[in-house]
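Hi there,

Here is the structure I promised to pass on to you. Have a look at it first, and then read my notes below.

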Amino acid sequence: MVTIEELCEIEEIRNLRTLYAHYYDGNRVEELVDLFTDDAVCDFGESYGKWVGKEEIHREYAAAAANKSPDYGILHNVTNPWIRIVDETTAIGRWYLLNIRSTEGVENPLILFGIYDERYRKTGDGWKIQRTRIDFLWPRREINGSTDL
């Protein structure tokens, strides 16, 4: 049985992932990067690479924001959270991801579907993302002539 304390921890982690979507979509890089541990890993596969540590994560998100659509031109919709507390300082989670374009004039607003797999660590500042990985489900991505899901 899940305790009240565990439900509060799960809700804090749920809020962490929601803040990630808001900060990313709003091009708020400083707040976004603050959601990660210092030794965090972002693994976005062959399509976008693997970023290790806050410094690299900051650099890559800043570059993405510089080349991205206007604030909230793309919306990260994260749904179906599955979060499990492993111990007092560790949790894991999975989320469905639906990225949509919110700007007018596009024929198809759907950008991609994927699944986030994550590990969280509780720090003195609350829960942080220690590792995030996206498995891209749709559309298939071409990498050097091969198809990456």
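N67 sits in the loop between α4 (54-66) and β3; helices (H or I, at least four residues) and strands (E, at least two) are DSSP runs, numbered from the N terminus. N67 counts as exposed because its relative accessible area is 70%; the cut-offs are under 20% for buried, over 50% for exposed and partly exposed in between, with a 1.4 Å probe and protein chains only. Try measuring from N67 to R84 on your screen: they are 17 residues apart along the chain, and their C-alpha atoms are separated by 35 Å.

Before you go further, a word on where this comes from. This is a predicted model, in which local features need pLDDT of at least 70 and side-chain atom pairs count only at pLDDT 80 or more, while totals for chains, interfaces and linings use all residues. Residues are numbered from 1 along each chain as its sequence is written, and side-chain values use heavy atoms, with hydrogens and water left out.

How confident is the predictor? The protein chain has an average pLDDT of 92, and 94% of the residues score at least 70; pLDDT is the predictor's confidence in each residue, from 0 to 100. Watch out for residues 145-149, though, where pLDDT stays under 50. The model has 13 contacts beyond four places in sequence for residues 145-149, a contact being heavy atoms within 4.5 Å. Where pLDDT is low, the predicted coordinates should not be read in detail.

Now for the strands. β3 (residues 74-87) and β4 (residues 90-101) run antiparallel and are joined by 11 bridges; two strands pair if DSSP finds at least two bridges between them. With 2 residues between them, β3 and β4 form a hairpin. If you want one pair to look up, H76 has N99 in β4 as its bridge partner.

Carrying on, β4 is joined to β5 (residues 110-123) by 11 bridges, again antiparallel. Here L97 has G114 in β5 as its bridge partner, and R94 has D117. β5 then pairs with β6 in the antiparallel sense over 11 bridges, and these two form a hairpin with 2 residues between them. Y120 is bridged to I129 in β6.

Two residues of β6 are good to click on. Which residues does Q130 touch, not counting those up to four places away in sequence? They are T37, D39, A40, V41, R119, Y120 and R121. Q130 lies in strand β6 (residues 126-138) and counts as buried because its relative accessibility is 19%.

I134 is in β6 too, and with 10% relative accessibility it counts as buried. Leaving aside neighbours within four places in sequence, I134 is in contact with D43, F44, L97, I115 and Y116. I134 and G45 are 89 residues apart in sequence, yet 7.3 Å apart in space, C-alpha to C-alpha.

Last stop: helix α1 (residues 4-25), where you'll find L7. L7 is partly exposed, since its relative accessible area is 47%. Together with V2 and I4, L7 forms a nonpolar patch on the surface, with about 290 Å² of accessible area. Patches are made of residues with over 30% relative accessible area and no salt bridge, joining like charges within 9 Å and nonpolar side chains (Val, Leu, Ile, Met, Phe, Trp, Tyr) within 5 Å. A salt bridge is a side-chain nitrogen of Lys or Arg within 4 Å of a carboxyl oxygen of Asp or Glu. Accessible areas come from the Shrake-Rupley method with a 1.4 Å probe, and for residues only the protein chains shown count as cover.

Cheers
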